Amino acid sequence: MELRKVISEALFHHPAKDFALTPVSCEIRFDPLTGKRSRIIPFRSPKLPHHDWTPYVEESRQRFCPFCPENLPKSTPRFPQEMVPGGHLKWGQAVVVPNLSPYDTYAAVTVMSPEHYLPIPALNSKLITESFRASLEFIKLARSHDPRQALYGSIGWNYMPYAGGSLIHPHLQVLCGPLAGAYTEEMICSSRTYLAEKGRCIWEDLLETERERGERYLGQVGGSHWLASFAPRGLADVTAIFPQKCTPEDVEDKDLEELAEGLQKVLRYYEENNIASFNAAFYFARKEDAGFWCHFRIVGRYTIYPVVGSDHSHLQVLQDEFWTIYSPEEMAAELKRYF
Ligand SMILES: [Zn+2]
């Protein structure tokens with residue numbers, strides 16, 4: 001499999017080098033699955049400052065939180081009784097409730113814990129396994145309840161405000177509906193086309209290529225394989241591949257335990273590198289979507305300035321291109337030590 005990149009050079013008189021004429025290289029990469037572009041930006045100081053969420057958390061405690069246990073039964077919607085008896089689906093400490101602002105036919109929120117705020121080190125294996133299990137149960141329930149409409153499921157996570165999380169209280173976004181997410185759809189199409197044209201699974205080839213090259217391969221956790229993504233969609237982008245799994249029904253408890261174990265290694269790296277916020281997604285397809293393998297992806301979110309700002313620029317918003325200030329290979333060299 002070809003991992004395509006275009007390297008070019010910008011030339012300028014550098015103020016930090018006594019205005020000597022200096023070439024600085026820049027790089028555009030192409031996602032091996034979808035062809036989507038990503039730029040690796042040589043940023044002046046890629047180490048992020050420590051971020052303290054305390055003032056935001058304290059302020060949020062003064063406001064009403066619908067997910068805190070004293071409010072949840074009265075303030076969250078309930079599913080129709082014939083779909084979820086009792087209205088809320090529970091697994092361990094996780095509770096799945098309908099999203100009051102739905103953006104798909106079956107749109108739910110999984111409240112991960114009764115605790116209002118969990119810092120990254122408190123996101124333990126049990127909590128992650130139970131919350132993803134509860135979310136997966138909801139997707140499977142929707143798919144069996146409404147096989148015509150509930151075709152594609154996904155689980156998303158916006159941890160803390162930089163990642164678009166509107167509430168501090170830890171929760172997952174669970175969707176199921178007639179259309180896959182736009183990026184999932186692209187991956188499903190590429191998987192199908194690759195299989196038809198080459199008679200091989202694109203995920204298997206990607207994994208084989210990355211294992212051979214080694215510079216981005218992080219390690220194996222049970223049956224799952226963890227990689228620094230070649231064409232990052234943001235900071236510290238990591239992909240976990242679950243071989244031979246395609247639908248939500250294919251994912252077993254063992255897979256979720258491996259997900260939690262691998263994810264904790266990535267989160268430890270995030271914590272130690274001051275990456276205070278992240279987006280994550282677990283992608284699934286239908287059994288008709290030949291060549292697709294379930295995978296999980298996590299991307300760090302941050303702000304370049306300590307107080308306010310955004311890591312999304314005109315490139316993501318208006319060019320449909322991604323960028324990062326971390327080289328995937330340099331990140332992988334450090335992150336490998338956690339695996
Ligand atoms: Zn709360």
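How much surface does the protein expose, and what share of it do carbon and sulfur atoms supply? The protein exposes about 16,000 Å², and carbon and sulfur atoms supply 52% of that area. Keep in mind as you look around that this is a predicted model. Here is a short tour, starting with the whole protein and ending with single residues.

**The whole protein**

- You can find eight helices and 14 strands in the protein.
- Its C-alpha atoms fill a box of roughly 70 × 55 × 35 Å, taken along the principal axes.
- A compact globule of 339 residues would have a radius of gyration near 20 Å, and the protein has 21 Å, so the two agree.
- Of the 339 residues, 54% are buried.
- Take the contacts between residues with a separation of 6 or more: 66% of them are accounted for by residues 24 or more positions apart.

**Charges**

- The protein carries 36 positive and 43 negative charges.
- If you take the mean position of the positive charges and that of the negative charges, the two points are 1 Å apart.

**Helix α6**

- Helix α6 covers residues 253-272, which makes 20 residues.
- At 1.5 Å a residue, helix α6 should span 28 Å; its end C-alpha atoms are 29 Å apart, so the expected span and the model agree.
- Buried residues in α6 include D255, L256, L259, G262, L263, V266, L267 and Y270.
- Charged residues can be found among the buried ones too, including E258 and K265.
- An α-helix has 3.6 residues a turn, so residues three or four places apart point the same way.
- Just after α6 comes N274, which takes a positive phi of about 60°.

**Two residues to compare**

- T184 lies in helix α4, which runs over residues 182-198.
- With a relative accessible area of 8%, T184 falls under the 20% cut-off, and therefore counts as buried.
- Once its neighbours within four places in sequence are left aside, T184 is in contact with Y283 and F284.
- K126 has its place in helix α3, which runs over residues 125-145.
- The relative accessible area of K126 is 55%, over the 50% cut-off, so K126 counts as exposed.
- K126 and E334 are 208 residues apart along the chain, and their C-alpha atoms are separated by 26 Å.

Methods
Residues are numbered from 1 along each chain as its sequence is written. This is a predicted model: local features need pLDDT of at least 70, side-chain atom pairs count only at pLDDT 80 or more; totals for chains, interfaces and linings use all residues. Side-chain values use heavy atoms; hydrogens and water are left out. Helices (H or I, at least four residues) and strands (E, at least two) are DSSP runs, numbered from the N terminus. The radius of gyration is taken over C-alpha atoms; the globule rule is 2.2 Å times the number of residues to the power 0.38. Buried means under 20% relative accessible area, exposed over 50%, partly exposed in between (1.4 Å probe, protein chains only). Contact means heavy atoms within 4.5 Å. Accessible areas come from the Shrake-Rupley method with a 1.4 Å probe; for residues, only the protein chains shown count as cover. The place of a charge is taken as NZ of Lys, CZ of Arg, CG of Asp or CD of Glu. The expected span of a helix is 1.5 Å times one less than its number of residues.
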